[in-house]
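Open the model in a viewer and keep the sequence panel visible. The stops below go from one residue outwards to the whole chain.

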Amino acid sequence: MTQAAGLFPDLDESVLRALAPHGTVRAFPKNAVVVNEGDQTDSLYILLSGRVKAFVSEADGREVVLNTAGVGDYFGEMVLDGGPRSASIMTLEPCRLFVIPRGDIEGLIDRNPGFARHLIQALIGKVRSLTRRVLDLSLKDVYGRFAKFIEDNAIERGGTREVPERLTQQEIAARIGGSREMVNRIIKDLTAGGYISIGDKHITVHKKLPAHW
């Protein structure tokens, strides 16, 4: 569930500081956990650079990725109800984040109806996306979810279609709600059939994936 354009795609750091005077910039390295599920925190985070993933995990280490986000996107909007964080956030690459405390967010909503409307629309979009994900998890098998992941994420590049992210099989499994072992079997079969190939953790699509596996 990646947003193409978040609330703040065109705002630079100086504009954000004017809108939220108590906001601060924080830098995080790759694979840093910014927010833990269940944390009691009171800030909204805006991505100035880099990418993050939102995920939930089990005690045994298994995780399901809920969405990814890039520059101009935000996370932490659940701060508005004062409750604990509903998911963990980890950086996928080095990131710079503009952190807005709850008091500034409430002020923005009170003073800026356009901001409030955009925030509501963005929240509705996230709910719709999560609803589609729940339907996929309940109605599609692992292969169906893998095929949809490829369809949603592959882009045209040099005359072929390629998933631009460098992803391990475990990372793909977390994205689609499956096991690494099942993803490994699917990739092996599709590679043997000439449908895809793997190079430097990139998936290249050579022909339309079969409807069923």
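This is a predicted model. Begin by selecting lysine 188, which lies in helix 6. Is this residue buried or exposed? Lysine 188 has a relative accessible area of 55%, and because exposed means over 50%, lysine 188 counts as exposed.

Next, add isoleucine 198 to the selection, 10 residues from lysine 188 along the chain. A distance drawn between the two C-alpha atoms should read 9.8 Å.

Now select the whole of helix 6, residues 180-192, together with helix 4, residues 142-153. Their axes come within 10 Å of each other and cross at roughly 65°. The crossing of helix 4 with helix 6 is right-handed. Which residues make the contact? On helix 4, show the side chains of Val142, Tyr143 and Phe146; on helix 6, show Met182, Ile186, Ile187 and Leu190. Colouring this contact by class gives seven nonpolar residues, with no polar and no charged ones.

Finally, zoom out to the full chain. A cartoon view shows six helices and 12 strands. The radius of gyration is 19 Å, close to the 17 Å from the globule rule for 213 residues, so the chain is as compact as a globular protein of that length. Turned along its principal axes, the C-alpha trace spans about 55 × 40 × 30 Å.

With a surface displayed, the accessible area is about 11500 Å², and carbon and sulfur atoms account for 53% of it. Of the 213 residues, 41% count as buried. For a contact map, take pairs at least 6 apart in sequence: 69% of those contacts join residues at least 24 apart.

Conventions
Residues are numbered from 1 along each chain as its sequence is written. This is a predicted model: local features need pLDDT of at least 70, side-chain atom pairs count only at pLDDT 80 or more; totals for chains, interfaces and linings use all residues. Side-chain values use heavy atoms; hydrogens and water are left out. Axes are lines fitted to C-alpha atoms, for helices over the stretch in contact, and angles run from 0 to 180 degrees between N-to-C directions. Helices (H or I, at least four residues) and strands (E, at least two) are DSSP runs, numbered from the N terminus. A crossing is left-handed if the near helix is turned anticlockwise from the far one by less than a right angle, and right-handed if clockwise. Contact means heavy atoms within 4.5 Å. Ala, Val, Leu, Ile, Met, Phe, Trp, Tyr, Cys and Pro count as nonpolar, Asp, Glu, Lys and Arg as charged, and the others, Gly among them, as polar. Buried means under 20% relative accessible area, exposed over 50%, partly exposed in between (1.4 Å probe, protein chains only). The radius of gyration is taken over C-alpha atoms; the globule rule is 2.2 Å times the number of residues to the power 0.38. Accessible areas come from the Shrake-Rupley method with a 1.4 Å probe; for residues, only the protein chains shown count as cover.
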